[in-house]
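Me: Could you take a close look at the loops in this structure for me? I'd enjoy one connected account, with the terms explained as you go.

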Amino acid sequence: MTQRVIPIESPRFVQPAEFAAAANLADLFPDNRPLALEIGCGIGDFMVQLAARHPAINFLAIDIYNQGCLKTCRRLDAAGLANVRVMRIEARQLLVEGGGRQSLEAVYINCPDPWPKKRHRGRRLLNAAFLQMLLYFLKPQGELFFATDFSDYAEGVAELLPDLPGYANLEPLPVNVAPADYPVSKYMRRFLDRDEPIHFLHWRRRDGVDVLEPPEVRQGFRIRWGRAGND
Ligand SMILES: C[S@@+](CC[C@H](N)C(=O)[O-])C[C@H]1O[C@@H](n2cnc3c(N)ncnc32)[C@H](O)[C@@H]1O
């Protein structure tokens, strides 16, 4: 059973018409500052902390989950943070339709859906094609942060690094050691409270490895609006 979609009135929420009218993601913000993206912001607790720590950066927090976007907006509104916008959109759709070449300083992905069953692993967001695609949107020296509670997800992504010369591994991070000043998300907190490990990857886009062509949405690409009951 799918739940009803609740309209989001917050000024921080990017309505579809505003996105359609924007020439690029920077246009969604009043000031021209460096731009960072969080994919799968959930209920926004990571973004509330991150945006408060970095007021000189504009943040776009996206999720396909309507209630997550609503809760994220409520938190941001309560905190009075002016440097964050929230969108309900699928990550690849956002990038292909709105992302500009070398437009992002950083991308944050925390505890993405793990798809633990072997036959579902192909549905994981972070795969070679997605990571290669991100290179087009990241600035040279732009950073990619990935946190997961699933060791085989972290290992699988780490093993892709040699085939992705556009990235350098910034610091091989031991389990449960986040990059400096990294906020704890709701899911990260849940696993840490159970003494379960979180695995972090921190990569940087190399200079001089240029990706000139915008990625195309592959044939048959479908936008998924979340699982049943998670709309
Ligand atoms: C397990 S939750 C983690 C939420 C949050 N990052 C945290 O760590 O607490 C994963 C979130 O990613 C969202 N999500 C999954 N696939 C996505 C995609 N392709 N684009 C945007 N959001 C996505 C889900 O709706 C969900 O809110």
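Reply: Happy to! Helices (H or I, at least four residues) and strands (E, at least two) are DSSP runs, numbered from the N terminus. This is a predicted model, in which local features need pLDDT of at least 70, side-chain atom pairs count only at pLDDT 80 or more, and totals for chains, interfaces and linings use all residues. Residues are numbered from 1 along each chain as its sequence is written.

Let's start in the loop between strand S4 (104-110) and helix H5 (128-137), where Trp115 lies. Trp115 is not a glycine, yet its phi is positive, at about 40°. Most residues other than glycine have a negative phi. Trp115 counts as partly exposed because it has 15 C-beta neighbours inside 10 Å (20 or more other C-beta atoms within 10 Å, placed from the backbone, would make a residue buried, 12 or fewer exposed, and anything in between partly exposed).

Asp195, in the loop between H7 and strand S7 (199-205), also has a positive phi, about 60°, without being a glycine. Asp195 has 7 other C-beta atoms within 10 Å, so it is exposed.

The helix before that loop leads us to the ligand. It is surrounded by 20 residues, the closest being Gly40, Gly42, Ser185, Lys186 and Tyr187; a residue belongs here if its C-beta atom, placed from the backbone, lies within 6 Å. Strand S2 (58-63) and helix H7 (186-193) are the elements giving two or more residues to this shell, and H7 has the largest share, with three.
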